[in-house]
Amino acid sequence: MNLKVRFTLLILSAVLASLSAAADKPNILFILADDLGYGDVACYNPEAKAPTPRLDALAKQGMRFTDAHSPSTVCTPTRYSLLTGRMAFRTGKGGVFTGVGGPCLIKPDRLTLGDMLREHGYSTAMFGKWHIGMTFYDKDGEPINQGGLK
């Protein structure tokens, strides 16, 4: 075999091995929806009032969980707790986040679910409502913590 064919086979083997390794890890899709109850999605309740065909298809193809508990009744502490594994009351801030202007409730050095998944080779992304604060900086590089953007 010539060198070009050997090199091509080596690259092909590496690609196939990486695809095989990727197939060993499940895809994870975590959906957190405000005001969505257990009986609102048809895969859990055939009598659900609104059709949910896409969610039902995802549930049929994947793993469903039937015993979940929210760490809070409102969005901000629930999101914080799910992302960090830490009860939100430990931040010292209560209630729902009030909007733009930070600071982010998750400290830069706090381990998150996304961090742990990335450590195990996952690519992560977040789409939708963040609602746990974002730290924005002014023109001098100082965090804006009161009153929104300047």
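Me: Let's start with terms: buried means under 20% relative accessible area, exposed means over 50%, and partly exposed is what lies in between. This is a predicted model. With that in mind, which class does Arg118 fall into?

Reply: Arg118 has a relative accessibility of 42%. The cut-offs are 20% for buried and 50% for exposed. Because 42% sits between them, Arg118 counts as partly exposed.

Me: Thanks! Which residue does Arg118 pair with in a salt bridge?

Reply: Side chains of opposite charge can pair when their charged atoms come close. In the salt bridge of Arg118, the closest N and O atoms are 2.6 Å apart. Both partners lie in helix α4 (residues 113-119), 3 residues apart, about one turn of the helix. The partner, partly exposed at 23% relative accessible area, is Asp115.

Me: How many salt bridges are there in total?

Reply: Besides the pair of Arg118 and Asp115, the side chains of Asp34 and Arg79 meet in a salt bridge at 3.2 Å, N to O. The count comes to 2.

Me: How many residues apart are Asp34 and Arg79 along the chain?

Reply: Asp34 sits in the loop between α1 (3-24) and α2 (53-61), and Arg79 in helix α3 (residues 75-84). The pair therefore links distant parts of the chain, and the two ends also fall into separate burial classes: Asp34 is partly exposed at 36%, whereas Arg79 is buried at 8%. The separation in sequence is 45 residues.

Me: Let's look at the fold as a whole. What pattern of helices and strands does the chain follow?

Reply: The chain has 4 helices and 2 strands. Reading along the sequence, the pattern is α-α-α-α-β-β.

Me: And what share of contacts between residues at least 6 apart joins residues at least 24 apart?

Reply: The chain has 150 residues, of which 19% count as buried. Among contacts between residues at least 6 apart in sequence, the share joining residues at least 24 apart is 54%.

Me: Which element has the lowest mean pLDDT?

Reply: For the chain, the mean pLDDT is 78, and 74% of residues reach 70 or more. Where pLDDT is low, the predicted coordinates should not be read in detail. Among the elements, α4 has the highest mean, 94, while the lowest, 55, belongs to α1.

Me: How many of the 10 residues of α3 are buried?

Reply: Among the buried residues of α3 are Cys75, Pro77, Arg79, Tyr80 and Thr84. Gly85, with a positive phi near 75°, follows the helix. The helix is largely enclosed by the rest of the structure, because the buried residues number 8.

Me: Which residues does Leu83 touch beyond four places away in sequence?

Reply: Leu83 belongs to helix α3 and is partly exposed, with a relative accessible area of 27%. Its C-alpha atom is 9.5 Å from that of Asp115, 32 residues away along the chain. Leaving out residues up to four places away, Leu83 touches Ile106, Leu111, Thr112, Leu113, Trp130 and Ile132.

Me: What is the volume of the largest pocket?

Reply: The largest pocket is lined by 37 residues, and those closest to its centre are Phe30, Ile31, Leu32, Tyr44 and Phe65. The elements giving two or more residues to this lining are α2 and α3. By class, the lining has 22 nonpolar, 10 polar and 5 charged residues. The volume is about 1,600 Å³.

Me: Which element gives the largest share of the lining of the second largest pocket?

Reply: This pocket holds about 960 Å³ of space, and its lining of 29 residues has Phe30, Leu83, Thr124, Ala125 and Met126 nearest the centre. By class, 17 lining residues are nonpolar, 7 polar and 5 charged. Both α3 and α4 supply at least two residues. The largest share, 5 residues, comes from α4.

Me: One last thing: what is the phi of Asp35 near?

Reply: Most residues other than glycine have a negative phi. Asp35, in the loop between α1 and α2, has a positive value. Asp35 is also exposed, at 82% relative accessibility. The phi of Asp35 is near 60°.

Notes. Residues are numbered from 1 along each chain as its sequence is written. This is a predicted model: local features need pLDDT of at least 70, side-chain atom pairs count only at pLDDT 80 or more; totals for chains, interfaces and linings use all residues. Side-chain values use heavy atoms; hydrogens and water are left out. A salt bridge is a side-chain nitrogen of Lys or Arg within 4 Å of a carboxyl oxygen of Asp or Glu. Buried means under 20% relative accessible area, exposed over 50%, partly exposed in between (1.4 Å probe, protein chains only). pLDDT is the predictor's confidence in each residue, from 0 to 100. On a 1 Å grid over the protein atoms alone, a cavity is a set of points where a 1.4 Å probe fits but cannot get out, and a pocket is an open set with protein on both sides within 12 Å along at least five of seven lines; lining residues have an atom within 4 Å of a point. Grid points are joined across faces, edges and corners, and a volume is the space filled by probe spheres set on the points. Ala, Val, Leu, Ile, Met, Phe, Trp, Tyr, Cys and Pro count as nonpolar, Asp, Glu, Lys and Arg as charged, and the others, Gly among them, as polar. Contact means heavy atoms within 4.5 Å.
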